[in-house]
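Biologist: I should like to learn how to read a structural model, feature by feature. Could we work through one together?

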Amino acid sequence: MIQFNQVSKFFADKAAVDEINLHIAEGAFTVLIGTSGSGKSTTLKMINRLIEHDAGSIQFAGKEIRSFDAQALRRRMGYAIQSIGLFPHWTVEKNIATVPGLLKWPSARRRARVSELLALLNLDDELRHRYPHQLSGGQQQRVGVARALAADPEVLLMDEPFGALDPVTRGTLQQEMIRIHRLLGRTIVLVTHDIDEALTLADNIVLMDNGRIVQQGKPLELLARPANEFVRDFFGRGELGVRLLALGQAGAAARRGEWLEESAPISADTSLREALSLFITRQTDKLPVADTQGAPLGVLHFDDLLRQREGA
Ligand SMILES: Nc1ncnc2c1ncn2[C@@H]1O[C@H](COP(=O)(O)OP(=O)(O)OP(=O)(O)O)[C@@H](O)[C@H]1O
């Protein structure tokens, strides 16, 4: 869907992005991660032409992005950023309907779309009449995402969208993004500093350093088969086992043919890392695992989990 070929961007003769090749597949959740100043935001902003590339080509839907009218291109791409830039003197409703307003949708359609998005982002419909300063940080961020999705864009670009949030709210919003991505199947490109966020969200991780792409691939590939020492160090040797646990699911690791009546079952899509916390909080070494319909699937053993970590 989006293809970078030998793309560079220079600021004062220094390459902020240096001859990168990148393919962003339609419907995939791509996460750009890397050291500070490595060129992640610049890469993201070149996609909607907030920054114009100096060399190489960027194709969107088969055409060089320069051939699109910049405004028209941006309306096809939702954009959500940290500290979001909601308009302070506009209500939530008006903020969310910014692009539908520009596109001159009739007001009934705009109102209906706002209701749909408030529901999608788990926001109370009453909030539509509030102003941004009357919302919590997490709610503002949800409104920012709702606004980016308002005109049903083909691509959603997100620059550190949850950077300013506390870890709990951040975790909740990450789960929401996974749900929304599954539900809408949109192409999402997200920039983050947070390794765990990248591992949780990404179908495809692009690791950058000094304007270049060091490695890209599925989260497990980068963890299990780092291309070089930089990649290995970046993902942290010490915590590698725990990070790999975040990628496994209870359903796949549970022993089939076993069951426990006395304990509340956990869902098959619980990550092994969450399961690790549950073993500790429930003070147990076995957890029953149910499938997504709630039917018994098997039993997860604490020992098996430890063995998975050692295997890492
Ligand atoms: N408008 C600009 N003018 C001059 N230099 C810039 C500009 N924007 C970015 N740069 C430089 O380009 C390089 C890449 O910046 P960019 O913001 O893309 O990195 P990043 O990986 O997103 O960084 P961070 O994680 O710290 O936000 C940095 O050295 C930065 O200082």
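Modeller: We shall go from the overall form to the domains, the sheet, the turn and the ligand shell. Please keep in mind throughout that this is a predicted model.

Biologist: How many helices and strands are there in the protein?

Modeller: The protein has 14 helices and 14 strands. Its radius of gyration is 21 Å, close to the 20 Å that the globule rule gives for 312 residues, so the protein is as compact as a globular protein of that length. Along the principal axes, the C-alpha atoms fill a box of roughly 60 × 50 × 35 Å. Of the 312 residues, 36% count as buried. Among contacts with a separation of 6 or more, 64% are between residues 24 or more positions apart.

Biologist: Which residue could illustrate such a contact between distant parts of the chain?

Modeller: Consider A198, which is found in helix α8 (residues 195-201). A198 counts as buried because 22 C-beta neighbours lie inside 10 Å, where 20 or more are required. Leaving aside residues up to four places away in sequence, A198 touches V31, I33, T192 and I205. The C-alpha atoms of A198 and L32 are separated by 7.9 Å, although the two residues are 166 residues apart along the chain.

Biologist: Into which domains is the protein divided?

Modeller: The division gives domain 1 (2-76 + 154-236), domain 2 (91-153) and domain 3 (243-311). The centres of domain 1 and domain 2, taken over C-alpha atoms, are 25 Å apart. Their contact takes 13 residues from domain 1 and 14 residues from domain 2.

Biologist: Which elements give two or more residues to the side of domain 1 that touches domain 2?

Modeller: They are β7 (155-159) and α7 (167-184). Helix α7 supplies the largest share of that side, four residues. By class, the side of domain 1 that touches domain 2 has eight nonpolar, one polar and four charged residues.

Biologist: Let us turn to the strands. How should I read a sheet?

Modeller: Strands of a sheet pair through backbone hydrogen bonds, either parallel or antiparallel. In this protein, four strands form an open sheet in the order β2-β1-β4-β5, and the pairing is antiparallel. Strands β2 and β5 (63-64) stand at the edges with a single partner strand each, so one side of each is left without a neighbour in the sheet.

Biologist: How many bridges join the strands β1 and β2?

Modeller: β1 and β2 pair in the antiparallel sense over seven bridges. One of the bridged pairs is F4 with L22, the latter in β2. Strand β4 (residues 55-60) is joined to β5 by two bridges, and these strands also run antiparallel. There, F60 stands opposite K63 in β5.

Biologist: What should I look for in the turn of a hairpin?

Modeller: The backbone angle phi is a useful guide. Most residues other than glycine have a negative phi, and most peptide bonds are trans. β1 and β2 form a hairpin with two residues between them, and A12 in the turn has a positive phi of about 45°. D13, found in the loop between β1 and β2, likewise has a positive phi, of about 70°, although it is not a glycine.

Biologist: Are A12 and D13 buried or exposed?

Modeller: A12 counts as exposed because it has 5 C-beta neighbours inside 10 Å. D13 is exposed as well, with 5 other C-beta atoms within 10 Å.

Biologist: Finally, which residues are around the ligand?

Modeller: They are F11, A16, G34, S36, G37, S38, G39, K40, S41, T42 and H193. By class, this shell has two nonpolar, eight polar and one charged residues. Helix α1 (residues 40-47) gives the most to the shell, with three residues.

Biologist: How should I read the helix α1 itself?

Modeller: An α-helix has 3.6 residues a turn, so residues three or four places apart point the same way. Helix α1 is mostly covered, with six of its eight residues buried. The buried residues in α1 are K40, T42, T43, L44, M46 and I47. Among these, K40 and T42 also belong to the residues around the ligand. Just after α1, R49 takes a positive phi of about 65°.

How values were computed. Residues numbered from 1 in each chain as written. Predicted model: local features only at pLDDT ≥ 70, side-chain atom pairs only at ≥ 80, totals over all residues. Near = placed C-beta within 6 Å. Nonpolar A, V, L, I, M, F, W, Y, C, P; charged D, E, K, R; others polar. Buried ≥ 20, exposed ≤ 12 C-beta atoms within 10 Å, placed from the backbone. Domains from an automatic or database assignment. Contact = placed C-beta atoms within 7 Å. Rg over C-alpha atoms; globule rule 2.2 N^0.38 Å. Pairing = 2+ DSSP bridges.
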